[in-house]
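This report describes the surroundings of a bound ligand and the arrangement of the strands in one protein. The sequence and structure are shown below.

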Amino acid sequence: MTERSVMERRSAPSVQVLASAEEVALAAAEQVQRQLKRRSDSVLALPTGQTPIGLYAELSRRCRDGELSFADVRTFNLDEFVHIPPDSPLSFESYMMQHLFSHIDVDLAKVRLPNGNAPNLDAECRDYEREIAAAGGIDLAIVGIGLNGHLAFNEPGTPFESRTHVVRLSPSSREAFAAEFGGIDRVPELGITMGLGTVGEARRIILLALGQDKAEIVARALEGPVTVDVPASILQQHPNVQVILDRGAAHRLHVMS
Ligand code: PGA
């Protein structure tokens with residue numbers, strides 16, 4: 001092992017393996033609740049996708065039952081499609097309204113997603129970075145992982161120091177949305193995403209993954225070489241990462257065997 005890889009291993013993420021998707025949702029909600037208890041005006045980075053749906057349902061319940069409040073929280077979503085109208089049911093904005101924002105007491109003026117319909121997308125990327133910085137940076141980023149190792153919409157090959165940018169989505173990423181859009185040809189070709197550098201500057205990161213399909217990429221991201229070929233492997237270099245997995249997603253990890 002080189003000295004560099006020893007250092008990387010030393011900051012290896014802590015990994016929690018739970019019996020079911022429901023338990024993953026509860027454990028992740030617990031972490032969010034603790035974060036909001038520490039700082040009610042926390043800045044959160046939020047994912048979309050299948051994985052966080054249970055977490056969002058649990059956060060919605062806790063908010064409804066008065067166990068936690070998002071009133072002072074600011075949120076920045078990880079990514080969005082380019083040129084999907086925001087009110088389309090297929091936009092990530094609609095997803096967030098449907099699964100979280102319409103069920104919690106967040107101030108919608110403090111909610112931000114990248115605007116994939118901005119007239120000048122490069123300016124939008126710069127504005128997004130400026131707004132995150134003006135909010136004081138991200139306290140807690142919750143992220144998922146794509147089958148190709150993407151983190152947000154940062155596809156394999158994206159530089160680790162990248163900032164918010166427009167991305168050409170990989171076939172693998174588009175395939176994941178094919179059913180929803182009624183065919184891969186209808187899935188947008190472009191997305192807008194926080195960069196790996198942007199996500200990597202979050203003070204704390206929680207990675208969630210569910211199901212056997214994710215087992216191989218989770219193992220490569222957490223135990224393989226740190227490489228731009230697997231964007232989520234950047235997490236090995238972060239000092240404060242918690243990984244919460246169900247058994248299916250964990251079963252290729254060496255730490256499990
Ligand atoms: P998923 O997406 O939660 O729908 O599996 C994760 C991702 O692509 O980051």
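## Polar contacts of the ligand

A polar atom in the side chain of Thr51 is 2.5 Å from an oxygen atom of the ligand. The model in which this distance was computed is a predicted one. His150 also approaches the ligand through its side chain, where an N or O atom lies 2.6 Å from a ligand oxygen. Gln50, by contrast, takes part through its backbone: a polar backbone atom of Gln50 is 2.8 Å from an oxygen atom of the ligand.

Considered alone, the ligand exposes 280 Å², and the protein buries 74% of this area.

## The ligand site

Which residues surround the ligand? They are Gly49, Gln50, Thr51, Gly144, Ile145, Gly146, His150 and Lys214. Thr51 and His150 thus appear in this list, and the side chain of each has a polar atom at a short listed distance from the ligand, 2.5 Å for Thr51 and 2.6 Å for His150. Gln50 is another residue of the list, with its contact made by a backbone atom.

The space that the ligand takes up is the largest pocket.

## The sheet of seven strands

The model contains an open sheet of seven strands with parallel pairing. In what order do its strands lie? The order is β1-β10-β9-β6-β2-β3-β5. At the edges are β1, residues 14–18, and β5, residues 111–112, each of which pairs on one side only.

The edge strand β5 is paired with β3, which comprises residues 74–77, in the parallel sense over two bridges. Within this pair, Val111 of β5 is the bridge partner of Thr75.

## The sheet of three strands

There is also an open sheet of three strands, in the order β4-β8-β7, and here the pairing is antiparallel. Its edge strands are β4, residues 79–81, and β7, residues 165–168, and each pairs on one side only. From one strand to the next, the twist averages 30°.

How many bridges join β7 and β8? Four bridges connect β7 with β8, which spans residues 190–193, and the two strands pair in the antiparallel sense. Across this pair, Val166 stands opposite Ile192 in β8.

## Summary

Two open sheets have been described, one of seven strands with parallel pairing and one of three strands with antiparallel pairing. The ligand occupies the largest pocket, and the protein buries 74% of the area that the ligand exposes when taken alone.

Terms used:
Residues numbered from 1 in each chain as written. Predicted model: local features only at pLDDT ≥ 70, side-chain atom pairs only at ≥ 80, totals over all residues. Heavy atoms only, no water. Pairing = 2+ DSSP bridges. Axes fitted to C-alpha atoms, helices over the stretch in contact; angles between N-to-C directions. Near = heavy atom within 4 Å. Polar contact = N/O pair within 3.5 Å; in protein donor to acceptor, adjacent residues only side chain to side chain. Areas by Shrake-Rupley, 256 points an atom, 1.4 Å probe, with all protein chains shown as cover. 1 Å grid on protein atoms, 1.4 Å probe; cavity = no way out; pocket = protein on both sides within 12 Å on 5 of 7 lines; lining within 4 Å. Sits in = over half its atoms within 2 Å of the grid points.
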